[in-house]
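Got your viewer open? Let's take a short walk, one selection at a time.

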Number of protein chains: 2
Amino acid sequence: MAVYTPVTDEDLASFLTGYDIGSLTSFSGIAEGVENSNFLVRTTGGTYILTLYEKRVNPDELPFFINLMTHLASRGLSCPQPVAARDGAMLRELNGRPAAIVTFLEGVWRRRIHPACCHALGAAMAELHLAGLGFGMRRENNLSVSAWRPLLESCDMRSEPIYHGLYNGLKVEVGYLEDNWPVDLPTGVIHADLFPDNVFFLGDHVSGLIDFYFACTDTLVYDLAICLNAWCFETDGSFNVTKAQQLIAGYQTRRALSVEERHALPVLARGSALRFMLTRLYDWLNHPEGALVKPKDPMEYLQKLRFHQTVVHPSAYGL
Amino acid sequence: MAVYTPVTDEDLASFLTGYDIGSLTSFSGIAEGVENSNFLVRTTGGTYILTLYEKRVNPDELPFFINLMTHLASRGLSCPQPVAARDGAMLRELNGRPAAIVTFLEGVWRRRIHPACCHALGAAMAELHLAGLGFGMRRENNLSVSAWRPLLESCDMRSEPIYHGLYNGLKVEVGYLEDNWPVDLPTGVIHADLFPDNVFFLGDHVSGLIDFYFACTDTLVYDLAICLNAWCFETDGSFNVTKAQQLIAGYQTRRALSVEERHALPVLARGSALRFMLTRLYDWLNHPEGALVKPKDPMEYLQKLRFHQTVVHPSAYGL
C-alpha cells in the first residue's frame, strides 16, 4: 500500500484553500505505488492526485521533477501536470511532507503486455525524449554506472558465505560495465523507470506517462534498455524478441537511432539489469521487519542480466 | 490497506462488459478499509466502486446486504446503490471472489467530530431506520448478546495469567448483559457499524452512509448506542455529553424515542462497548504476524464499557 502519511479531511480542505481548484468533495488513499503517499482527490473543479513525498525522495530534487512535468506537459506530452497554488508555488507542505497537486490522467496500466503495447510504449518514450529537449535543468542519474560499485558493497554480502559466488560475479560485471559504458551517445531527459505500472493505456494507445521521480539527464537510449528489461521478458524468464523489435520500431517512428546507439544496446541492457538487480538486492537485504511493501525479487533481474551477457549484437533485440 | 485480491486491467475490462456502464477508463485500489478489496473505477459512463468480498464476509449473506442497499436507495437514502449487470444480477464473481459494482458517493468522512456532526449523524441514522421499514429480508445480529459468551471464551485468555483479571471482569459483564438485555423494543434494519469512516459529509450535511456489511435486524436504538461509543468519546477517553445530546436530538428530529428505548440506552451502550471490545480483543490475540491491517486497540472499548457501567440513568447521555 502507499499511504505512509495519513491526511485528514480538515488538513486537506485547508490545504486546498491555497488553490483555485474548487472545494473538496471526496478523497481516498491510492493502494498502488511504493515510494510516496498518493491520494485521489475530487473537488467541485475536477479530479486530481495529491502526492506527499516520503523519505526516499530528496526534497532538493523536487523542483527538477515538478518543473520537468510542467515542461513536458507544455510540450504536449500527456503526463501529470503540477497545479500551481494561488501564490504560484507548485510545491507546498502538508503534514510535514513536501506535497504537490497534479492533474489526474485517465488510463489503466497493462498487467499483460502485448507486442502492440511495446510499439506504443516505444513511440511514447521517443516523444518524451523529444519533448525533453530544451528543458533547462539537469539532474545526474545517481543510479547509473558510477553508483553500482558502492551499491554492491553496501549490500554487505561478504558476511554471508551463501552470497559469495553472487557477489564475485556481480563485482566482475560492475568492472566490465565501468570499462565499457558508452559516454558519447546523445543525452537528454530520460524517465529511467518506465515500468508497466507507469504507463497508462486507453485501448492500444498510451494515454499518459506517470511517476517521474527517477527522471534524470542521461543517455537517451538507456531508457530503451530499461524497457527491454521491464517489458520484453515473459514471466517464465524468456526473452520475447518480438516485443523488443516492436518497442524499438515504435521508438524509431518518432526518433531514429544512430548506429552507435543501436550497438550500445547490449551493454546498456546489461547495465540496466544490474541497476535494478542491485537496488532490489539492497531492499531485499535491508527491508525492515513488518514493512508495508514487500520487496521485489532481485533474482528476476539477475536472470535478465545473464541473458544480456550472452548478447553479442543488437540483432538479438530484433534490430 | 485494503486490496487483498489484485485485479488486472483485462479482468476488469472483461468484467465490465457484463454491465451497461460504459468502458473502463481508470481504476485504482482504495487504501482505506479493512474487510474487503475496494477499487475506485472510472468508466466512460461515470464513477463506481468495485468491491471484492473477502473471507470475513459470508457469501450466503451477500444477497441481504445487496438487496438492503437497493431497498434503502429506492427509499431515497443516500447509500451505495448496487448496479445490476445486463443479466439483472447485482452479485457476480471476479477473480474467484463474489463481486459487486455500486454507485460512488461524494463526501469525506470526518476525522475530527464536532457536535454538529453528531446531530446530522443522528438524523441520518433515523432516516436509515425509517427507510428500512418494509424491507422484506431478515438477518440476525450474529455479534449481539448471545454471541458474547462464546466470543469471550474463544479469546483464550485463561492460558495467560495477565489476562485473568480482565477475563473474570468481562465474564461478569456478559452475565449482567444476558440477564438485562432488552427484548421488547422496536426492531428493524440497523447499520450496526456506523463509525465515522462510514459516514460521508459534505460541509455539515451527511452526504451518504456506506459499508452495510454488518447491517442486520435488531433493536433500532442499539444503533444509537453504538454511535454513543463511536462518536461521543474524546481521544483522551472522556465522554462528551454535548455530542451525545446532539446525536440523540438529531435522531429525534426524525424518529421519537419511547420512554422504554431511552431507559434501555445505558445497558445497550454497555453491550455495544463490550461487542467492540471483544471483537477487537479477538483480532488482537489472533492477528497473524505481518498482517496488512494493524488491529485496533481493544482497551479503548474497555474504557468506554467502564464509563457506561457507571451510568444509572439516560440523563447521563444528555436526555
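**Stop 1: two copies, one axis**

Colour by chain to begin. Chain A lands on chain B after a rotation of 180° with 0.0 Å of shift along the axis, and the RMSD is 0.0 Å. That is how a two-fold axis relates copies. Keep in mind that this is a predicted model. To find the axis from chain A, select A:Ala31: of the residues of that chain, its C-alpha comes closest to the rotation axis, at 2.2 Å.

**Stop 2: where the chains touch**

Now bring up the contact between the chains, which takes 26 residues from chain A and 26 residues from chain B. On the chain A side, try selecting α1 (9–16), β1 (24–29), β2 (37–43) and β6 (108–109), each of which supplies at least two residues. Which of the elements gives the most to this side? It's β1(A), with 6 residues. Colour the chain A side by class and you'll get 11 nonpolar, 7 polar and 8 charged residues. The copies meet through the same surface, because 100% of the interface residues of chain A are also interface residues in chain B.

**Stop 3: into the core**

Next, select A:Leu121, A:Cys227 and A:Leu247, plus B:Leu121, B:Cys227 and B:Leu247. These have the most contacts inside the largest nonpolar core, which has 179 residues. In soluble globular proteins, nonpolar side chains tend to be buried together. Zoom in on B:Leu121: leaving aside neighbours within four places in sequence, its contacts are B:Val199, B:Val206, B:Cys227, B:Trp231, B:Leu247 and B:Gly250.

**Stop 4: an enclosed helix**

Back in chain A, pick α6(A). Its 12 residues reach 17 Å from first C-alpha to last, close to the 16 Å expected at 1.5 Å a residue. How many of its residues are buried? The count is 12 of the 12, so α6(A) is largely enclosed by the rest of the structure. Among those buried residues are A:Leu220, A:Cys227 and A:Trp231. Show what they pack against: α3 (115–132), β7 (187–190), β10 (216–219), α7 (241–252), α8 and α9 of chain A.

**Stop 5: a helix with a buried face**

Finish on α9 of chain A, residues 298–309. Select its buried residues: A:Tyr301, A:Lys304, A:Leu305 and A:His308. Look down the axis of α9(A) and you'll see them fall within an arc of 105°, so they line one face of the helix. They pack against α5 (164–180), α6 (220–231) and α8 (259–286) of chain A.

Conventions. Residues are numbered from 1 along each chain as its sequence is written. Chains are lettered from A and ligands numbered from 1 in the order in which they are written. This is a predicted model: local features need pLDDT of at least 70, side-chain atom pairs count only at pLDDT 80 or more; totals for chains, interfaces and linings use all residues. A nonpolar core is a set of buried Ala, Val, Leu, Ile, Met, Phe, Trp, Tyr and Cys residues joined through C-beta atoms within 7 Å. A residue is buried if 20 or more other C-beta atoms lie within 10 Å of its own, exposed if 12 or fewer, and partly exposed in between; C-beta atoms are placed from the backbone. Two residues are in contact if their C-beta atoms, placed from the backbone, lie within 7 Å. Helices (H or I, at least four residues) and strands (E, at least two) are DSSP runs, numbered from the N terminus. Ala, Val, Leu, Ile, Met, Phe, Trp, Tyr, Cys and Pro count as nonpolar, Asp, Glu, Lys and Arg as charged, and the others, Gly among them, as polar. Copies are superposed by least squares on the C-alpha atoms of residues with pLDDT of at least 70 in both. The expected span of a helix is 1.5 Å times one less than its number of residues. The arc is that of the directions from the helix axis to the C-beta atoms.
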